[in-house]
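Visitor: Could we go through this protein chain together, one question at a time, with each term explained as it comes up?

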Amino acid sequence: MDFAAVIGTFLGFAFILTGMVLEGGNIGQILQITAAFIVIGGTSGAVFLSFPIADFKTAFSLLKTVYFNEVPDYNKLIAEIVDYSQKARKEGVIILEKEAKNASDPLLALGLEAVADGADPSLVKEMMENQLARLEEKVQTGAKVYESAGGYAPTLGIIGAVMGLIQVMQNLSDPSKLGAGIAVAFVATIYGLFLANLITIPYSTRIKQKYQKIFVAKEIIISGVLSIQAGESPALIERKLETYLTDNKKKADKKEAA
């Protein structure tokens with residue numbers, strides 16, 4: 001569970017609603033089913049119109065990334081690659097075909113199998129980079145869906161506000177109906193801003209931020225597999241892969257080891 005994401009979601013809604021109550025309002029004032037239909041339904045329709053179903057499914061599959069930790073352990077990954085390099089040096093690269101079945105990452109398994117099969121280094125690199133490119137495309141597509149929803153929602157909120165004001169203008173002679181129309185008008189705007197700035201846009205940012213770390217892990221894998229194929233020593237491979245770690249990460253690891 002990503003507690004930072006959970007806390008962020010809670011704080012965003014809690015402080016806004018608390019501020020409303022402190023100003024003398026109540027939560028019931030913004031519970032307008034009509035406004036929710038206009039904003040949520042309209043935004044959903046705009047997203048479905050903008051993207052094919054496959055992209056929508058991709059975005060939904062990435063949703064778990066927001067609230068659950070998927071940050072890779074770089075040091076564990078490097079240690080795994082170094083272990084494979086030691087086995088390859090002692091028993092030959094053919095051993096990697098067996099070891100690939102236990103690899104922690106599908107990309108790593110693909111690379112080890114290709115090396116064990118004696119594929120050309122340029123082909124191994126191309127295969128692995130193609131897999132990485134496909135993952136990057138998937139993440140960008142999914143994040144774009146949420147980002148686009150964040151752009152549509154405020155506009156739909158304005159549409160809801162205008163519709164509410166139209167009802168107000170049509171019932172100026174009946175003061176009893178003015179309150180409901182004005183409420184829908186302003187609540188629709190709030191719903192649009194809430195949906196965009198507290199949900200969809202943050203979701204897009206969070207997904208891209210988390211996968212950026214995963215992409216670094218994939219780059220470590222590609223570099224490690226190519227180094228194993230080149231016959232580099234395990235010690236050299238370890239030092240090379242550690243260059244992907246930030247200085248702060250290295251210091252933290254040394255502190256834990258001590």
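Visitor: In which helix does Thr-200 lie?
Guide: The model is predicted, with residues numbered from 1 along each chain as its sequence is written; local features need pLDDT of at least 70, side-chain atom pairs count only at pLDDT 80 or more, and totals for chains, interfaces and linings use all residues. Side-chain values use heavy atoms, with hydrogens and water left out. Helices are DSSP runs of H or I of at least four residues, and strands are runs of E of at least two, numbered from the N terminus. Thr-200 falls within residues 178-229, which form helix α9.

Visitor: Is Thr-200 buried or exposed?
Guide: With a 1.4 Å probe and protein chains only, a residue is buried under 20% relative accessible area, exposed over 50%, and partly exposed in between. Because the relative accessible area of Thr-200 is 7%, this residue counts as buried.

Visitor: Which residues is Thr-200 in contact with, leaving aside its neighbours within four places in sequence?
Guide: Contact here means heavy atoms within 4.5 Å. Once the neighbours within four places in sequence are left aside, the residues in contact with Thr-200 are Tyr-146, Glu-147, Ala-149, Gly-150 and Leu-195.

Visitor: Which element gives the largest share of the lining of the largest pocket?
Guide: On a 1 Å grid over the protein atoms alone, a pocket is an open set of points where a 1.4 Å probe fits, with protein on both sides within 12 Å along at least five of seven lines, and lining residues have an atom within 4 Å of a point. The largest pocket is lined by 16 residues, and Ser-44, Phe-56, Tyr-146, Ala-149 and Thr-200 are those that lie nearest its centre. Two or more lining residues come from each of α2 (33-50), α3 (53-61), α8 and α9. The largest share, five residues, is given by α2.

Visitor: How far apart in space are Thr-43 and Gly-157, C-alpha to C-alpha?
Guide: Thr-43 is found in helix α2, and because its relative accessible area is 4%, Thr-43 is buried. Not counting residues up to four places away in sequence, Thr-43 touches Ile-38, Ala-149, Tyr-152, Ala-153, Leu-156 and Leu-195. Thr-43 and Gly-157 are 114 residues apart in sequence, while their C-alpha atoms are separated in space by 9.3 Å.

Visitor: Which element gives the most residues to the largest nonpolar core?
Guide: A nonpolar core is a set of buried Ala, Val, Leu, Ile, Met, Phe, Trp, Tyr and Cys residues joined through side-chain atoms within 4.5 Å. The largest one has 49 residues, among which Ile-81, Leu-96 and Leu-108 touch the most other members. Two or more residues come from each of α4 (63-67), α5 (74-91), α7 (106-116), α8 (121-170), α9 and α10 (234-242). With twelve residues, the element that gives the most is α9.

Visitor: How many residues does the second, separate core have?
Guide: In the largest core, Ile-81 is in contact with Leu-108, Ile-220, Ile-221, Gly-224, Ile-228, Ile-237 and Leu-241, its neighbours within four places in sequence left aside. Apart from that core there is a second one, which includes Met-20, Ala-153, Tyr-191 and Ala-196, and its number of residues is eleven.

Visitor: How far apart are the C-alpha atoms of Glu-238 and Asn-75?
Guide: Glu-238 is found in helix α10, and because its relative accessibility is 35%, Glu-238 counts as partly exposed. Leaving out residues up to four places away in sequence, Glu-238 touches Ile-78 and Val-82. Although Glu-238 and Asn-75 are 163 residues apart along the chain, their C-alpha atoms are separated by 9.8 Å.

Visitor: What percentage of the chain over residues 149-168 is helix?
Guide: UniProt positions are given in the numbering used here, feature names are shortened, and annotations may be inferred rather than shown by experiment. An unreviewed UniProt entry places the feature "transmembrane region" at residues 33-54, 149-168 and 180-203. Over residues 33-54 the chain is 91% helix and 0% strand, with the end C-alpha atoms 30 Å apart. Over residues 149-168 the end C-alpha atoms are 28 Å apart, strand makes up 0%, and helix makes up 100%.

Visitor: Over residues 6-92, how far apart are the end C-alpha atoms?
Guide: The unreviewed UniProt entry places the feature "domain: Motility protein A N-terminal" at residues 6-92. Over these residues the chain is 77% helix and 0% strand, and the distance between the end C-alpha atoms is 48 Å.
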